[in-house]
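Me: I would like a close look at how the interior of this protein is packed. Please treat the nonpolar core as the main subject and relate the surface and the loops to it afterwards.

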Amino acid sequence: MLQNYLKIAWRNLLKNKVNTAINIIGLSIGMVCCILIVMYVSDELSYDRYWPQGERIYRMALERKYPDRVTKYAIIPASYAQDVKRELPEVEEVVRMVPFGGDGVGTLMKYQGQVLEEKNVLAADSTFFNVFKVPLLQGQAAQVLSRPNTVVLSRSTAERLFGKVDPVGKTLEIVDGPQLEVTGVAEDLPDNVHFDFDFVISLKGFPFAEQENHTSFSVLTYLLLKPNTDAQVVESKLPALVEKYAAGEVQRSFGVSYQEYVRAGNGYYYFLQPVRNIHLDSNLEAELKPNGNRTLVYIFSVIAVFVLLIACINFMNLATARSSERAREVGIRKALGSNKSQLATQFLTESVLLSFFSFLLSLLLVGILLPFFNNLAGKQLSTLFLLRWDTAPFMLLLALLIGLVAGSYPAGVLSSFEPIKVLKGRFMSTRQGHLLRNGLVVFQFSISIILIICTLVVLTQLRYIQNKELGFTKEAVVNLQGAGSLGPKTEAFKQELGRIAGVQAVGGTNATPGTQGGFFGIIFRKEAETETVTGRGTVVDDNYLQAMNIKLVAGRGFSKSFNDSLSVLINEEAVRELGLTDPVGKKLISPGNFGQANGADVTYTIVGVIKNFHYQSLHQRIAPLFVLNDRWFNRSNSQIVMRIQADDPQAIVAQAGKVWKKYLPEQPFHYSFLDSDWGALYRAEQVSQRIFSLFSFLAILIACMGLLGLAIYIIQQRTKEIGIRKVLGASVASIVAMLSQDFMKLVLLALVIAAPVAWYAMDRWLQDFAYRIDIPWWAFVLAGVLAVLIAFLTVSYQSIRAALMNPVRSLRSE
């Protein structure tokens, strides 16, 4: 019986080649979308599932409340690790981690006289391998990091540096730092974890990690809870712990009690993040890697389902539209004794067979398109995913399910025909059938229009970000990273850079807009007052404002003509929050030990006010900024910026590279263009826009293929009507309009349904930006016009062809 079903199904598919081709191409495109998104979503959801004790590992993070804003940090004060371990019985173990390097510069290490730049370097407590259980190929977990100046290498790093020689006991040297003894080799980490390492250095002996500190943020802290422990119970005990240990430091730094400090709108609120949720749910300051977005994962999942539904709807529409062609077949088979279930099985067999052909084609297309999709999404997905034991059965089941879903309604409709009516020629499509087909077309185009509107809004927001006045010049500015190694040679280096033809200005800083880190937290209060303002700080030299084209609105910038070691520039937002009316010349007090070994307050004089500029992404509002002179510049992990002529930037950079090698022959030359650094802040949004664009195109392509098939069928049904109208004098234009207007009405109805849904979705998305566009009205108009135009072009060819047909041919059978 099954063989008979397959034989008949195969004959029917070959008999209607156009219809079969439309269905196979539409379903295969839908499956391609679904498979690619399943691969993407599976990769995103797999993050940090690698850790054997992952369900018990939590990161202790901080919500730092200021009087006017809240900032969340992945790093916390170093002393809380031992406090939590000592005072909370629910905590089994604690580990602290600190990444080395930053701003695109790695850690310089020497081995056998060769200087190596290493990017993935961590410092961690000796408990690191007990908490994360990374397999150790050599060494014991409790001992490898128990002594100062010891290091564990990843397997690939050990092979790269030592080949087949046993690395344990060998030494490496950090440039301008200590020698490190190799005490172990660990297995390489997979890509889908939220941090990586090639080197893990013992944190023992680092001064900042051993000094008492409960208010300055410096380390990532992970807790391993005891089995069956409720993380919320642990979290509920943290406020008392904070008050117990931070109160003294608050009193010493700010001169007020902890309770007064909190009442003034400040606070340290610690919370626990499940390690398996960090990648998708965490977007804190000082993350170890750029994280994903759970909302985006859900959106892409919904898109996959909807695009697949659009493809299934094509099949349903075309199958039910052709019901009159197959009605006589059904009548004859019923008259010969076939029952409803046998007929339904026959039609389901056809749809499942069609689905499996589409599935095979989709696998081929996925293999071809995957490199392009990886580049689009910034992933390293592999087709081996489809061959996994837990994936391959799912994919086959998906193909079967699609065939059953797509074929279920047509099978039910076709198998329910009454043979007497059909064989007497009295079969007609029902009104309910027409309404259903129209409803499915509306659904298809609603989804397509929603995707088009979302794409346009995301693109508009990205253009707004790229073109918004930032308060500084990002074009033709080159950022030289790792200049902190210059030390006392910094001034001579900058002067030599300034003599390169095409270099207009050179400035030094510890932080540049668009780069990660550098802008540190700092607190100031007005003279003779206790209320403080917390903002961001940065250290610059005398030429930095000129190099960046940052404007002064009052006072002066830093200058060698003055002793500016205790001078400060503040932005307009700082003026507002401090409540200053004539700020230049006023005194500001920095409480505590910023720059002072004895912990005394430091008094600064405001010498200028700079115009607000965006030193962080447009996701964040501009906060108070305090700019200090570069008395620490030569000792910081610094950057040098060059504003250059845009005519031949690569030639200028090449000259700068030669100067760099002259001063730092062992250190690699790293540079970036500031506009590229700034654009990289919105990489997630750019990925979203590209993926939205891709799936919008595919969704409307599938919908149009279904519309084309439906138009072909409907025009075939109305061929004689068209012939009569032409005989009676109807013009080609009137016939095309008549055939097209019904479809245009459906597309316009889809626009009415799609518009509010798209507006709501994009309004929620834009709430993540402190600086955002208003959702443009023209996006809805353009999406509607595009949908109508595409639908019209899809239908018009068949309509024109039908209108131009000789009426004699269409009426001959009458």
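Reply: The following account begins with the core, continues with a helix and a surface patch, and ends with two loop residues. The model is a predicted one.

The largest nonpolar core comprises 119 residues. Within this core, Phe373, Phe445 and Phe695 have the most contacts. Helix α16, which spans residues 431–467, supplies the largest share of the core, namely 15 residues.

Phe445 merits attention for its partners. When neighbours within four places in sequence are set aside, Phe445 is in contact with Ile700, Ala703, Cys704 and Leu707, and also with Val747, Ala750, Ala787 and Ala791. Apart from the largest core lies another core, of 60 residues. Tyr58, Tyr73, Ile75 and Ile76 are among the residues of that other core.

A helix with a buried side comes next. In helix α17 (residues 490–498), the buried residues are Thr490, Phe493, Lys494, Glu496 and Leu497. These residues lie on the same side of α17, because the arc they cover around the axis is only 160 degrees. The spacing follows from helix geometry: with 3.6 residues a turn, residues three or four places apart in an α-helix point the same way. Among the elements that cover the buried residues of α17 are the strands β14 (477–481), β15 (503–509) and β23 (639–644), together with helix α20 (649–663).

The surface offers a nonpolar feature as well. Trp777, Trp778, Val781, Leu782, Val785 and Leu786 make a nonpolar surface patch of about 580 Å². One of them, Trp778, has its place in helix α25 (residues 777–803). Trp778 counts as partly exposed because its relative accessibility is 36%, a value that falls between the limits of 20% for buried and 50% for exposed.

Two loop residues complete the picture. Asp48 is not a glycine, although its phi is positive, at about 60 degrees. Asp48 is placed in the loop between α2 (17–45) and β1 (57–65). With a relative accessibility of 0%, Asp48 counts as buried. Asn228 is likewise not a glycine and has a positive phi, of about 65 degrees. The loop between β12 (220–225) and α7 (231–236) holds Asn228. Asn228 counts as exposed, since its relative accessibility is 84%. A positive phi is thus found at Asp48, which is buried, and at Asn228, which is exposed.

Conventions:
Residues numbered from 1 in each chain as written. Predicted model: local features only at pLDDT ≥ 70, side-chain atom pairs only at ≥ 80, totals over all residues. Heavy atoms only, no water. Core = buried A, V, L, I, M, F, W, Y, C linked by side-chain atoms within 4.5 Å. Buried < 20%, exposed > 50% of the residue type's maximum accessible area, 1.4 Å probe, protein only. Helix = DSSP H or I, 4+ residues; strand = E, 2+ residues; numbered from the N terminus. Contact = heavy atoms within 4.5 Å. Patch = residues over 30% accessible without salt bridge, like charges linked within 9 Å, V, L, I, M, F, W, Y side chains within 5 Å. Areas by Shrake-Rupley, 256 points an atom, 1.4 Å probe, with all protein chains shown as cover. Salt bridge = Lys/Arg side-chain N within 4 Å of Asp/Glu carboxyl O. Arc of directions from axis to C-beta.
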